[in-house]
Amino acid sequence: MNIIVTVKQVPDTHEVKIDPKTGALIREGVPSIINPEDKNAIEEALRLKKSSDDGEVTVLSMGPLQAESTLREALSMGVDRAILVSDRAFAGADTLATSYTLSMAIKKIERYDLILCGSQTIDGETGQVGPQLAEWLDLPQATHAEEINIQGNLVTVKSNFDSVTRVMEMKTPALITVSNRINKPRYKHMNKVLRAYRDKAVVTWSKEDLKLNPIRIGLNGSPTWVRKTFVHSHSRDGIVVEKPAANCAEDILDFILEKALLKL
Amino acid sequence: MKLCYQMDEKYEMIRMAAREFAEGEIKPVAGELDEKEEFSVSLTQQMGDIGLFGMTVPEEHGGQGLDYISYIIAVEEIARVDGSQAATLAAGNSLGIDPIDKFGSESQCRKYLPDLCQGKTLMGFGLTEPNAGSDAGATSTTAVKEGDSWVINGRKTMTTNANTPITKGSIVQAITGARPDGKPDYTCFIVENGTPGFTLNTMKRKFMWRGSNTAELFFNNCRVSNDAVLGNPGDGFKQMLATLDGGRLSIGAMGIGCAQGAYEAALRYSKERIQFGRPICKQQAIAFKLADMELKIELARNLLYKACWLAENKRPFGKEAAMSKLYCSEIAREVADEAVQIHGGYGLFKDYDVERFYRDQRLLQIGEGTSEILRIVISRAIGC
């Protein structure tokens, strides 16, 4: 079974602060990490590979050249191959241009039975790239997987949505986005870290390596732009009621009923 | 020679890998194991599962094939979370695995290293005796050759990892004769647990490293075959000195890890703790303590990494190893002490990790060469 896992390098949002004036992320000094759910996708790919007879796991990322460290981390977890799609022409891509570019890289990889993605990233949080990728490649898809079983070319995917559990069956090749509840990503083995740096390469593909339609990539291929980011303010105008406690309660109840916050 | 302070990204990945494991698996149980004075087979084997044992052993011997600095970084990261597991790891690697890898015969390497390097087994290193601590020359354990075997008599004490459920045995140094100059001849033996005449006693009621195993070893007409000799008869003293030089680097790493863990805890606490209307880190008395802690850790780490670089490049590093062990362990004491001070009364309770760091650091100025002995080593190296 050959599996492609798409990954993204993201800022560790536990460490991120937002500039209150500009609304922009303060990236300086913030470590970059593999998007957490992409790590679940890598873990699941390695698990599925182990239970099938042969095949390999390839990680694929689009991003600036420094995203190579993210791919080295994936190699340290034990994946076989790493490909970074990187070109200045891809800058400013929204989810549509990103998924298009990734789909063209996947077409170049050719041999695959399964594509696994994290359900969403912790920076953009759109959850769109996986499903869009399936559309570009005309593949069946299942999202937010919490369990994947494969028998022959039949894939069964279980997902939970609040109180609803959905079980889907698809034929390979297929695309699945995974939830962080699907598994616990493995710790990196020291010798695999060594091998990731000594024995393996991160292959870089630029725009020339892919058969791309220029109007579909980068800023040109992006119908959405971020107009503004801002820090949501939680401040509210308070109402101060200065009366004895018993009368206060009555006023508060009136207020709640008036605003229809509660029905009696 | 060029000066370069940028480390390869590989080392950062080693650090990240060890840190994720330490925070994910060791941190949640470290306090409890310490309190119960309990050695964890499961944590030891998990450390083995991610390749923390045999880090510098070549891959063809079943090791991880990494360099010394990678190993030091890993020990540092485990010690940043828990001194006990770092002790199991550092002793396992530097004292249990390293001598076999360096001095063992091909068949000894094949017999012991694969399991040791996977954390399936552990090996102790018996050197200290009740009356031979800093004065290693006072060793009285003997081994007498009888035909194709040796008969060992004597006693070792304070041997890390020697009596766990997964311990395979211990490397034991004994007097095997006299040199022409009258000084004793030493030989190291690999003695497996369960060998008739070899008994063990786990030493309890320790004040630090309570989640690690420490044992006394008793030899009463314990007979081992000639195959148990590590390297060649008479090489024991040389082997011990080389092993201790390497071991000192790992104790240095434990000092830095302990200091780093205590410092980070203190820094975090100082930002949360409000007194006199503002966080205590904004008050100069505390801010200066934190600045000094950061400074000391930075200095110590630079010294230790330089010593590792010397070792890795096969240059003499005995003086630098002694300096690293001395300095890293002394700043561990100073930093852990101030970390408790910054925590105030709370730092005296087991609910806060600094209480454990404060106890665990105390061994570092004693084990594998006391601070006083290290000053002798350094002063001799500079011609005093």
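In which helix of chain B does Arg356(B) lie? In this predicted model, Arg356(B) belongs to helix α9, which spans residues 353-364 of chain B. The side of the story told by accessibility is simple: Arg356(B) counts as buried because its relative accessible area is 4%, and the cut-off for that class is under 20%. Leaving out residues up to four places away in sequence, Arg356(B) touches Ala30(B), Gly31(B), Asp34(B), Val81(B) and Asp82(B). Two aspartates, Asp34(B) and Asp82(B), are thus found among the contacts of this arginine.

A second buried position in a helix of chain B is Gly257(B), placed in helix α6, residues 236-272. Its relative accessible area is 0%, so Gly257(B) also counts as buried. Beyond its neighbours within four places in sequence, Gly257(B) is in contact with Glu76(B), Ala79(B) and Arg80(B). Phe125(B) offers a reference point elsewhere in the chain: 132 residues separate Gly257(B) from Phe125(B) in sequence, and their C-alpha atoms are 23 Å apart in space.

The strands of chain B hold further details. Thr157(B) is found in strand β3, which covers residues 149-160. With 7% relative accessibility, Thr157(B) is classed as buried. Apart from neighbours within four places in sequence, the contacts of Thr157(B) are Thr128(B), Glu129(B), Pro130(B), Met203(B), Ala215(B) and Glu216(B). Met158(B) is found in strand β3 as well. Here the picture changes: Met158(B) counts as exposed because its relative accessibility is 55%, and exposed means over 50%. The backbone of Met158(B) also deserves a look, as phi is positive, about 55°, although the residue is not a glycine.

Asn221(B) can be described in similar terms. This residue sits in strand β7, residues 214-225 of chain B. Phi of Asn221(B) is positive at about 50°, and Asn221(B) is not a glycine. A relative accessible area of 51% makes Asn221(B) exposed.

Turning to chain B as a whole, there are 10 helices and 9 strands. Its radius of gyration is 21 Å, close to the 21 Å given by the globule rule for 384 residues, so chain B is as compact as a globular protein of that length. Along the principal axes, the C-alpha atoms of chain B fill a box of roughly 80 × 50 × 40 Å. Buried residues account for 55% of the 384 residues in the chain. Among contacts in chain B with a separation of 6 or more, 73% are between residues 24 or more positions apart. Chain B exposes about 16,700 Å², and 52% of this comes from carbon and sulfur atoms. The chain carries 44 positive and 50 negative charges, whose mean positions are 4 Å apart.

Chain A has 6 helices and 13 strands. Its radius of gyration is 23 Å, whereas a compact globule of 264 residues would have a value near 18 Å. The C-alpha atoms of chain A occupy a box of roughly 75 × 40 × 40 Å along the principal axes. Of its 264 residues, 42% count as buried. Residues 24 or more positions apart make up 72% of the chain A contacts with a separation of 6 or more. The accessible surface of chain A is about 15,200 Å², with 51% belonging to carbon and sulfur atoms. Chain A has 34 positive and 35 negative side chains, and 5 Å separates the centres of the two sets.

One peptide bond in chain A calls for a closer look. Thr172(A) and Pro173(A) are joined by a cis peptide bond, with omega about 0°. Pro173(A) lies in the loop between β11 (164-171) and β12 (174-178) of chain A.

Finally, the two chains meet. The contact takes 16 residues from chain A and 22 residues from chain B. Together the chains bury about 1,600 Å², of which 61% is on carbon and sulfur atoms. On the chain A side, Tyr187(A), Met190(A) and Tyr197(A) supply 44% of the area buried against chain B, more than any other three residues.

Note on methods
Residues are numbered from 1 along each chain as its sequence is written. Chains are lettered from A and ligands numbered from 1 in the order in which they are written. This is a predicted model: local features need pLDDT of at least 70, side-chain atom pairs count only at pLDDT 80 or more; totals for chains, interfaces and linings use all residues. Side-chain values use heavy atoms; hydrogens and water are left out. Helices (H or I, at least four residues) and strands (E, at least two) are DSSP runs, numbered from the N terminus. The radius of gyration is taken over C-alpha atoms; the globule rule is 2.2 Å times the number of residues to the power 0.38. Buried means under 20% relative accessible area, exposed over 50%, partly exposed in between (1.4 Å probe, protein chains only). Contact means heavy atoms within 4.5 Å. Accessible areas come from the Shrake-Rupley method with a 1.4 Å probe; for residues, only the protein chains shown count as cover. Lys and Arg count as positive and Asp and Glu as negative; His and the chain ends are not counted. The place of a charge is taken as NZ of Lys, CZ of Arg, CG of Asp or CD of Glu. Buried area is the accessible area (1.4 Å probe) that two parts lose on being put together, summed over both.
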